Amino acid sequence: MLVNLKDILADAKEKKYGVGLFNTVNLEMAKGVIAAAEELRAPVIIGSAEVLLNCSQLNELADMLKPMAERATVPVVLHLDHGLTLDCVKEAIKLGFTSVMYDCSAKPYEENLKCMSDVVKFAHSHNITVEGELGHVGSNANTADHNIYTDPIQAKEFAEATGVDALAVAIGTAHGFYKEKPVLDIGRLKEIADLVDVPLVLHGGSGLTDDDFRNTIANGISKVNIFTDINTALCKYIHDNWTENLGYTKLMPGAVDAVKQVVMNKMKLFGSNGRY
């Protein structure tokens with residue numbers, strides 16, 4: 001069933017479990033993620049980020065993912081992750097995405113606040129939920145730069161002023177592979193969670209330890225973004241199982257299952273299994 005963030009994150013926030021966003025740039029990823037969600041009776045979020053649109057365009061993703069979400073027997077959010085331009089965000093809404101992230105986190109605070117407020121008004125008029133980001137979840141080279149971490153007081157002001165439905169926070173995670181072990185500021189996260197009413201989002205989840213995930217979810221995270229783990233799992237399966245003259249169609253079922261297994265492990269870890 002196709003839903004938006006409000007339909008699933010309120011329960012996650014109340015009961016302290018995490019819902020996974022798994023970016024799905026092709027059919028094998030999408031099938032693996034939804035199969036995992038249905039087997040474990042877990043809510044799930046699928047979609048793609050603007051930087052990944054060189055793999056599949058928004059209209060192609062909407063054509064593929066929206067019917068799959070509608071047919072699913074568990075709640076599925078179709079989400080634009082890290083929309084960097086207003087045109088991309090509006091296109092996603094036009095194509096039937098039920099949730100969008102407008103990432104203005106690299107902009108000055110006042111500009112971020114104004115841009116987010118405008119997008120929230122537009123999206124809510126179409127019954128679309130919006131995720132914002134405050135602080136900046138950057139590359140794996142700058143996880144120790146506390147200047148980009150989310151300020152708790154500012155987070156409260158930002159969430160209330162913009163009306164966002166979910167807020168991504170920067171507490172020491174990064175996108176992609178980590179070059180060194182991240183040190184998460186759980187105290188900062190807890191302070192933000194105590195002040196901010198909307199569900200909080202953890203970006204840069206791939207590569208964290210199981211204890212890191214448990215800690216962040218226990219202290220206020222309701223949505224966890226994962227891409228690198230499933231992206232590499234699919235690639236590794238194909239690399240390890242390809243032989244001379246073996247066509248891709250022979251590898252597709254195993255590739256889907258490789259993604260499914262990673263997603264199932266994450267769902268169990270996040271505590272979203274058995275919720276539906």
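Where is the place of Val164? I looked that up first, keeping in mind that this is a predicted model. Val164 falls in the loop that links helix H6 (152-162) to strand E7 (166-169).

**Val164, continued.** Buried or exposed? I get a relative accessible area of 3% for Val164, so I note it as buried, the cut-off being under 20%. Next I listed what Val164 touches, skipping residues up to four places away in sequence: Met116, Val120, Val130, Gly132, Ala159 and Val198. I also checked Val164 against His124, which is 40 residues away along the chain. Their C-alpha atoms are 9.5 Å apart.

**Cores.** Then I went after the nonpolar cores. The largest one has 76 residues. Which residues have the most contacts inside it? My notes say Phe22, Ile230 and Met267. Helix H10 (residues 248-270) gives the most to this core, and I have it down for 8 residues. There is also a second core, separate from that one, with 14 residues. Among its members I jotted down Val3, Leu5, Val77 and Val201. A general reminder to myself: in soluble globular proteins, nonpolar side chains tend to be buried together.

**Ile230.** I pulled the contacts of Ile230, leaving out neighbours within four places in sequence. The list reads Phe22, Asn23, Met29, Val33, Val259, Val262 and Val263. Phe22 turns up here too, and it shares with Ile230 a spot among the residues with the most contacts inside the largest core.

**Asn231.** I stepped on to Asn231, which sits in helix H9 (residues 228-241). How does Asn231 count, and at what relative accessibility? I have 33%, so Asn231 goes down as partly exposed, between the 20% and 50% cut-offs. For a long-range check I took Lys156, 75 residues from Asn231 along the chain. The C-alpha atoms of Asn231 and Lys156 are separated by 34 Å.

**Cysteines.** How many disulfides does a search of the whole structure find? I ran it and the count is 0. Cys88 is in no disulfide, and the nearest cysteine sulfur, that of Cys104, lies 12 Å away. I have Cys88 as buried, at 7% relative accessibility. For Cys115 the nearest cysteine sulfur is again that of Cys104, at 4.5 Å. A disulfide needs the sulfur atoms within 2.5 Å, so Cys115 is in none. Cys115 also counts as buried, with 18% relative accessibility against a cut-off of under 20%.

Note on methods: Residues numbered from 1 in each chain as written. Predicted model: local features only at pLDDT ≥ 70, side-chain atom pairs only at ≥ 80, totals over all residues. Heavy atoms only, no water. Helix = DSSP H or I, 4+ residues; strand = E, 2+ residues; numbered from the N terminus. Buried < 20%, exposed > 50% of the residue type's maximum accessible area, 1.4 Å probe, protein only. Core = buried A, V, L, I, M, F, W, Y, C linked by side-chain atoms within 4.5 Å. Contact = heavy atoms within 4.5 Å.
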